[in-house]
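Biologist: Could you walk me through this structure, one topic at a time?

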Amino acid sequence: MIREARNRANGQKTLPFIDIDVILCTNTSRTDIHLRNSTMKMSAHLKKIVISCFAGNMLEWYEFAVFGFLTHYISQQFFPSSNPYLATLMTYAVFATGFIMRPLGAILSGHIGDRHGRREGLLLSIALMALPTFAIGCLPTYEQIGIWAPCLLLILRMVQGISLGGEFSGSVVYLIEHSPQERQGFYGSWADMGSSIGMIAASLTSLVLSLNFTHEQMLSFGWRLPFLAGIIFGVLGYYLRRDLTETPQFRPTREKKTFGSLVSDCYRLSPRIFLASTTFLAINSAGYYFLIIYLPKQILVDSLPPYAVTLLPLLSITAMLPATFLTACWSDKIGRAPILTLGYLSSMILAYPIMLITTTATSLWPIAVVHILFAWSLGACFGPRSAFITQQFPTSHRYTGVSVTYNIANATFGGLSPIICATMANRLGATSPTVWIIACSVISLISIWQISKRDKTIVVS
């Protein structure tokens, strides 16, 4: 009772890790023995579980992100240079499909993960990423098969988006359901760490390729190499996950569910919590793409080196890593809500300085400093996120709830963030995107307060 009161005060949810006998009193002896044995086994396999989820996210985000870093070469191979309008249209379409398909992937993976098991959902996401990635590396160009080349590229990119819609959230659920309650922040953060390192690896891969191959060699075959390696990463990911056990909390169901019905069930369980679990991620999604995609291109001073546009995103993601990990561990001590609130307020305070300095500074170092500070503030938003969102849904709908809310937030706040910022800057001035970042921070703050005000914790069922 004392721990429950302290957790409520800190904004944490009390999962039935200790009071499991009370919750499952209808079958005490058999269920209690099963859960106690599962807990002992869990500690023996926890290291392998962490490695598999970390590596899976790293490989998936590497395969997904490397496309963005090599877009310059890919666009010249797949889009007709004689038709600039079509080339531009298809470029934006291919970029958008990753966001558009992620909610669909969340529904698919959630349906499998909640009905057949978390492990099955994770194996599916590995296959759905590795196969289309390898296929992209084998695709003929526009000169060889005409309009079919960009069409096939678009379809394969859609499949990648479906995969990504289930990988991260599935890994988070799997890690949290295997971890002890008092360290859920720590273990949940390893999925975030894997995705960030995957992004860094994709950036470094494109840099190494561009340094070792000429422009003509990159157009000829160099851009294909990271995609062809996708099949190797797929085999590695499957090897790491093939022997994983199901989580101790998951219970298979024989009840037949139509595709997508689990989403409506999640919403009906608590519409307010479903919406708040989406909107509390507003600044996470909007702030990330604001920092990584939009801001580096807003350097308006000609005296700064051209490599700054490439260096700043890499610097920001690297700085975000320790902040994410440390705040996740800290949230296990003092609660999720205080850390999240700190991250939201810091992002709000830094929104104007980062816009002003990025667009006016005549030296790279003040821009780098303010980007690092903003990355740290986002790290505080990301650190407790995984454990916090997982605790909002019961076991029977958790995979679906986490996947759908997380990917809706990314598709809306994240996908639209660069466009909104560019439109505001064009019409209202270079620093006007500050308003968008502050608005998203306020939305996240209100959402976290709404969730924290609940007078009753959600119990795993």
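Modeller: Gladly; this is a predicted model, and we can talk through its cores, a helix and one glutamine.

Biologist: Which helix gives the most to the largest nonpolar core?

Modeller: That core has 98 residues, and Phe-290 and Leu-291 have the most contacts inside it. Eleven of its residues come from a single helix, the top contributor: H3, residues 28–69.

Biologist: Nice. Which residues does Phe-290 contact, leaving aside its neighbours within four places in sequence?

Modeller: Phe-290 is one of the two residues with the most contacts inside the core. Setting those sequence neighbours aside, its partners are Leu-295, Ile-354, Met-355, Phe-374, Ser-417, Cys-421, Pro-433 and Ile-437.

Biologist: How far apart are the end C-alpha atoms of helix H21?

Modeller: H21 covers residues 434–452, which is 19 residues. At 1.5 Å a residue the helix should span 27 Å, and the model agrees, because its end C-alpha atoms are separated by 27 Å.

Biologist: And which helices do the buried residues of H21 pack against?

Modeller: The buried residues of H21 include Trp-436, Ile-437, Cys-440 and Leu-445. Polar ones such as Thr-434 and Ser-441 are buried there too. The helices that the buried residues pack against are H14, H15, H17, H18, H19 and H20.

Biologist: Last one, on Gln-160: is it buried or exposed?

Modeller: Gln-160 sits in helix H8, where its side chain makes a polar contact with the side chain of Arg-157 at 2.8 Å. Beyond its sequence neighbours, Gln-160 also touches Glu-63, Phe-64 and Leu-128, among others. Its relative accessible area is 0%, under the 20% cut-off, so Gln-160 is buried.

Key: Residues are numbered from 1 along each chain as its sequence is written. This is a predicted model: local features need pLDDT of at least 70, side-chain atom pairs count only at pLDDT 80 or more; totals for chains, interfaces and linings use all residues. Side-chain values use heavy atoms; hydrogens and water are left out. A nonpolar core is a set of buried Ala, Val, Leu, Ile, Met, Phe, Trp, Tyr and Cys residues joined through side-chain atoms within 4.5 Å. Buried means under 20% relative accessible area, exposed over 50%, partly exposed in between (1.4 Å probe, protein chains only). Helices (H or I, at least four residues) and strands (E, at least two) are DSSP runs, numbered from the N terminus. Contact means heavy atoms within 4.5 Å. The expected span of a helix is 1.5 Å times one less than its number of residues. A polar contact is a pair of N or O atoms within 3.5 Å; within protein, one must be able to donate a hydrogen and the other to accept it, and residues adjacent in sequence count only if both atoms are side-chain atoms.
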